[in-house]
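Work through the exercises below with the sequence and the model open. Each task is followed by a solution in steps.

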Amino acid sequence: MRPRSLIRWLVNAAIVVLLTALTQIGGLIWLVAMLLTRRVRGRARAVAMLAMFVPLYGLGSALAYATAPAFRRVPLPCFSEQGTTMRMQSILYCVLNRQYVVPELKTAALALSAHMSSSFPGTTTLTLDGNFPFFDGFPLLPHLSHADGRKLDIAFYYSDIGGTFRDGETRSPLGYFAFEQPFEGAAAPCHGRSDLVTMRWDLAALQSLWPPMALEEHRTREAIRWLSEEGRAYGIAKIFVEPHLAERLGVSAETIKFQGCRAARHDDHIHIQVSK
């Protein structure tokens, strides 16, 4: 194999792996686009590949939307819909096919959003990563557990520094990685650890980049309380929240748990999951 052909092969292999990890179906669609443009040569092939991939990916996503219920996965609302007060935090989650959950988890999430809207009129509940549309056990990176349709992340509620609620907004562009830092003396079970293999990223360099917004404690507290109490009737079995944040908000229940020191931090979002 000539060096140029080897490089092309390696680049395409990397693209397939990346698209599969990000979207589940994108790697397969890239391979189809390669097959359909195999006779195109030179620089025109890159243009032809993109021109072929984009509509094929759109078609693949539409087919995933239609066929996911056969795998017991249903999509969460990508936009605000009539009669609901819940939507994905960013359209990017839907573009990447990461908005799927089992039906009972969607029912629970909609019930939470209805409760929050009733308790705090004008409140939209934002959802983050759910799961891919197909197959249990297929990892949704970088998460360790979002592989069976039973897990969903929910964004925190925020206000501006003056205390005015900012509906439908989060501190970071995707709702993740804007960590609530523990107060002095708060619970810190991971303090002093230096695990070689860990996904507990502090991402200190990013924290100063986020806009100056504050956690809206009343709404966030009520959401966690509802999930740990009324949510049990909807099958909510686990809620992951950092210990210092649960302590700060004054919430405790059997279902409120610490995810461990090697998993991602959970003081930038709420993780919920339903029982099998």
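**Exercise 1.** How many disulfides does the count come to? Find them and describe each link.

*Solution.* The model is a predicted one. A pair of cysteine sulfur atoms counts as a disulfide when they lie within 2.5 Å. By this rule there are two disulfides.

Step 1. Cys 78 and Cys 94 make one pair, with their sulfur atoms 2.0 Å apart. Cys 78 sits in the loop between strand E1 (74-75) and strand E2 (86-88), and Cys 94 belongs to helix H4 (residues 91-95), so the bond ties together parts 16 residues apart in sequence. The angle about this S-S bond is -115°, and the link of Cys 78 and Cys 94 is left-handed.

Step 2. Cys 190 is joined to Cys 261, with an S to S distance of 2.0 Å. This pair links distant parts of the chain, 71 residues apart: Cys 190 is in the loop between strand E6 (158-160) and helix H6 (204-207), and Cys 261 is in the loop between strand E9 (256-257) and strand E10 (269-274). The link of Cys 190 and Cys 261 is left-handed, with -95° about the S-S bond.

Step 3. With the bonded cysteines numbered in sequence order, the pairing reads 1-2, 3-4.

**Exercise 2.** Is Cys 78 buried or exposed? Repeat the assignment for the other bonded cysteines.

*Solution.* The cut-off for buried is under 20% relative accessible area.

Step 1. Cys 78 has a relative accessible area of 17%, so Cys 78 is buried. Its partner Cys 94 has 10% and is therefore buried.

Step 2. In the other pair, Cys 190 is buried because its relative accessible area is 13%. Cys 261 has 12% relative accessibility, so Cys 261 counts as buried.

Step 3. For the protein as a whole, 46% of the 276 residues count as buried.

**Exercise 3.** Which radius of gyration does the protein have, and what would a compact globule with 276 residues have? Add the overall description of the fold.

*Solution.*

Step 1. A compact globule with 276 residues would have a radius of gyration near 19 Å; the protein has 21 Å, which agrees. The C-alpha trace spans about 65 × 45 × 40 Å along its principal axes.

Step 2. The secondary structure comprises eight helices and ten strands. Among contacts with a separation of 6 or more, 73% are between residues 24 or more positions apart.

Step 3. The exposed area is about 14200 Å², with 63% of it supplied by carbon and sulfur atoms. The protein has 29 positive and 23 negative charges, and their mean positions are 16 Å apart.

How values were computed:
Residues are numbered from 1 along each chain as its sequence is written. This is a predicted model: local features need pLDDT of at least 70, side-chain atom pairs count only at pLDDT 80 or more; totals for chains, interfaces and linings use all residues. Side-chain values use heavy atoms; hydrogens and water are left out. Helices (H or I, at least four residues) and strands (E, at least two) are DSSP runs, numbered from the N terminus. The radius of gyration is taken over C-alpha atoms; the globule rule is 2.2 Å times the number of residues to the power 0.38. Buried means under 20% relative accessible area, exposed over 50%, partly exposed in between (1.4 Å probe, protein chains only). Contact means heavy atoms within 4.5 Å. Accessible areas come from the Shrake-Rupley method with a 1.4 Å probe; for residues, only the protein chains shown count as cover. Lys and Arg count as positive and Asp and Glu as negative; His and the chain ends are not counted. The place of a charge is taken as NZ of Lys, CZ of Arg, CG of Asp or CD of Glu.
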